[in-house]
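I opened a new notebook page for this one and jotted things down as I looked them up. Here is what I had in front of me.

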There are 2 protein chains.
Amino acid sequence: MKNSAGNALPHVLIIGCGFAGLFAVKALAKAPVRITVVDRTNHHLFQPLLYQIATAGLSTPGVAAPIRNILADQNNVTVLYGEVQRIDSARRMVTLDGEQALDYDYLVVATGASSSYFGNERWAAYAPSLKTLQDAYDIRRRVLLAFERAEREEDAAQRATWLSFVVIGAGATGVELAGAFAEIARHTLQGEFRRFDPANARVVLIEGGDRVLPGFPAALSERARQQLERLGVAVWLGRRVSDIDADGVQMGSDRIAARTVIWAAGVAASPLGAALGVPLDRAGRVLVEEDLSVSGYPEIMVVGDLAAMPWHQPAVPGTAPAAKQMGTQVAKNISRKLKGQATQKFRYRDYGMLATIGRNAAVAVFGKLQVSGYPAWLLWLLAHIVFLIGFRNRIVVMIDWAWSYWTFERHARIVADPATDDARHRPQP
Amino acid sequence: MKNSAGNALPHVLIIGCGFAGLFAVKALAKAPVRITVVDRTNHHLFQPLLYQIATAGLSTPGVAAPIRNILADQNNVTVLYGEVQRIDSARRMVTLDGEQALDYDYLVVATGASSSYFGNERWAAYAPSLKTLQDAYDIRRRVLLAFERAEREEDAAQRATWLSFVVIGAGATGVELAGAFAEIARHTLQGEFRRFDPANARVVLIEGGDRVLPGFPAALSERARQQLERLGVAVWLGRRVSDIDADGVQMGSDRIAARTVIWAAGVAASPLGAALGVPLDRAGRVLVEEDLSVSGYPEIMVVGDLAAMPWHQPAVPGTAPAAKQMGTQVAKNISRKLKGQATQKFRYRDYGMLATIGRNAAVAVFGKLQVSGYPAWLLWLLAHIVFLIGFRNRIVVMIDWAWSYWTFERHARIVADPATDDARHRPQP
């Protein structure tokens, strides 16, 4: 692609098409650049609703859309499905799987974060975490099959361990998952089992700190805890996990016997930050300048959960709105550079925070306004439908939610794997 | 569970909850029996629409529903998720995975069929077939990623092999898949790629016999072939496949270079037929008596695609309506036996046949009435919505289809696997 003077347009390479990457691409729609977007999946994921895949409330097309479909009408973009292997910032060259090389004039790294087990990586096999669609399918399979195994289990004590669900970490994801598990047990599965009452399933939410939703004001954390307990979740605060194995969770001398454990306690930066060869913070995130570029490489920008901004007070949260704002800012900065203008500093604008707990249960904060319960839940509903990518997704999600609200059903309770495929969930002989 | 006289009720064990198994269970709702249903998945699959999962037109909850949800209100049923390992017909005992044993008074085997490669099992790796949800996900992934790989391929000849799709076998499944692939290439993906026009993708349907849809009257086969070609499918009749490898399909001295090949050419009976230790036909199906019981074991009945009925003329097709009728018949026969009455012979009632080819394109036959094109397609639509299991599925499928009809979009185009997970589809370095 060339400009009217016949010169090749500058090439902007964007790695990762989450909220930060996607909003950078979109904000460059009219810029005189060629854009290449590389993502290792074929979809943009609406991460705030991913827990609904894990809890069978929505099916995949409700929360994910093909990247090239979203960007089909933006003619200055080429979308490539691939995984970046190396970044050579000196030669301005990125290498994909299959050794395919791409050069760039501007590089935007937006590869986000994955889960961290704080050095206990072997816990991952027993306590999966939730970051990708595959993670969500895995959690859904474990939870649904635990009830199936309980129905086949003839020993009452063993059955109780199949019917115990532990969520570790009471941030937004942990709270959402624990609340949804309690609703599945108490409502969705009612009347479907012959050997036990699913309402007797035990859901425990374990948190190392002294309150749930630590990012929220303390009063809302307390409201959230009350709403969780009302749904039937046991909330254990100030408890540190010392070990996780196939049969349960150890906290010092205390133990919960449980076959299903979910890890929602920590995030680690994408390894691509380290591939840049620039200074990182302790969590592996890239320390960026105030214009989100990388020290010494003004043509490289890092956005979203991979960016660390110790100079920004208060801290920028690891949320979709923050990622979007960063993506839009770097697009603006690239356009400014092309015009020979100085880049702008990034300032996060806080429009408020929402967390859902379950049916009619949520908390929300907008500046000084704090809301909980049904009004907060309505706000959450509205906000998530408004911000969903794609008109079709919105309709589908609205219909699914309306259906679930009236019937208590969760339609996406399908496990493709045959019974004997999953060794971990096989009944003990 | 006991009857009013205090005796334990007879135990009916049903293996497999496809159409035959499910309709047997439902028809026993008021019978004085305890029923156990064992299935190796947690869902009943609406098999006639499975190709829509493989072609991204519907997402999973549109065609699959949890078995225990369908049967929640039928109190005489226990649903177990498990896989049968052995049947001991002398001791009337069935062993599940995990060595769990179940006895029975009546046994209904309804485990259907899987795909057959006629002794060339190594072709399965290169040419997957379509029987289960996992098969459908696999085919969808291969087809969508072939277009992704084509966008990354810099060599034109290599790109052409990524853009060649071959379907082997022109029965209903092969015709549906080939038609849908052509529509995806010509409509769904339009404008989404920068290095090629997806409308130039090549879809070839190979059939060993001299016409497509051999189960239909010859005139409708010809109509179907015309409709396929109009959609852009090349139909090759009378061609026998001699080999399949990672790069294409060999037919004697002819060869098609193609990275994506789907096998829709043969079915084999479930191995559980052989586990009964009774006479089988050449395809491995159980030769049943006229009341669908097994010779020498009047308490064992075989229904659905696993049953062979050489005594029935004309032959009973391997379709959902035939399976339903068999399931209902054995339920009736069990009830009759409990009352001391003689069992009834099974007679298949032919209400007609439908096959869809694509948008506004189908063929249908009802007795002497033959229909093709738009009216047949409307009939197909109506029939499949009417017979879908579950009210919710019907609504969702109607909305999805209406959306796709107007927009040409296919919403379920999500591939969860990251780019570097699938060695087979990695570009050649």
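**Domains of chain A**

I started with the domain assignment of chain A, which gives domain 1 (11-40 + 82-115 + 267-338) and domain 2 (121-265 + 352-414). A reminder to myself: this is a predicted model. I then looked up the centres of domain 1 and domain 2 of chain A, taken over C-alpha atoms, and got a separation of 32 Å.

**Strands around S21 in chain A**

Next I picked strand S21 (residues 297-302) of chain A and looked for its partners. I found strand S9 (residues 106-109) of chain A paired with S21(A) in the parallel sense, over 3 bridges. Following one residue across, I saw that Val109(A) has Val302(A) as its bridge partner in S21(A).

Strand S20 (residues 293-294) of chain A also joins S21(A), by 2 bridges, and here the two run antiparallel. Val294(A) is bridged to Tyr297(A) in S21(A). What sits between S20(A) and S21(A)? I noted a hairpin with 2 residues between the strands, and Gly296(A) in the turn has a positive phi of about 90°.

**Where chain B touches chain A**

Then I moved to the contact between the chains. I have 46 residues of chain B in contact with 46 residues of chain A. Which elements of chain B supply at least two residues each to that side? My list reads strand S4 (64-66), helix H3 (67-70), strand S5 (77-81), helix H4 (133-152) and helix H11 (391-407) of chain B. H4(B) gives the largest share, 7 residues. By class, I wrote down 19 nonpolar, 14 polar and 13 charged residues for the side of chain B that touches chain A.

**A sheet in chain B**

I stayed in chain B and found an open sheet of 3 strands in the order S14-S15-S16, with antiparallel pairing. Its edge strands are strand S14 (243-245) and strand S16 (254-257) of chain B, each pairing on one side only. The twist averages 15° from one strand to the next. Strand S15 (residues 248-251) of chain B is joined to S16(B) by 4 bridges, and these two run antiparallel. I checked Met251(B) too, and its bridge partner in S16(B) is Asp254(B).

**Two helix pairs in chain B**

Before the helices, I noted what to look up: two packed helices are described by the angle between their axes and the distance between the axes.

For the first pair I took helix H6 (residues 172-188) and helix H7 (residues 218-231) of chain B, whose axes come within 9 Å and cross at roughly 25°. That angle makes H6(B) roughly parallel to H7(B), because angles under 35 degrees count that way. The crossing of H6(B) and H7(B) is left-handed. On the H6(B) side I listed Val175(B), Ala178(B), Gly179(B), Ala182(B) and Glu183(B), which meet Ala224(B), Leu228(B) and Leu231(B) in H7(B). That contact has 6 nonpolar, 1 polar and 1 charged residues.

My second pair was helix H1 (residues 19-27) and helix H9 (residues 320-338) of chain B, with axes that come within 7 Å and cross at roughly 35°. Left-handed or right-handed? I put down right-handed for H1(B) and H9(B). Residues making the contact include Phe19(B), Leu22(B) and Phe23(B) of H1(B), and Ala323(B), Met326(B) and Val330(B) of H9(B). The class count for H1(B) with H9(B) came to 11 nonpolar, 3 polar and 2 charged residues.

Conventions: Residues numbered from 1 in each chain as written. Chains lettered and ligands numbered in written order. Predicted model: local features only at pLDDT ≥ 70, side-chain atom pairs only at ≥ 80, totals over all residues. Axes fitted to C-alpha atoms, helices over the stretch in contact; angles between N-to-C directions. Parallel < 35°, antiparallel > 145°, perpendicular 65-115°, else oblique. Left-handed = near helix turned anticlockwise from the far one by under 90°. Contact = placed C-beta atoms within 7 Å. Nonpolar A, V, L, I, M, F, W, Y, C, P; charged D, E, K, R; others polar. Pairing = 2+ DSSP bridges. Domains from an automatic or database assignment.
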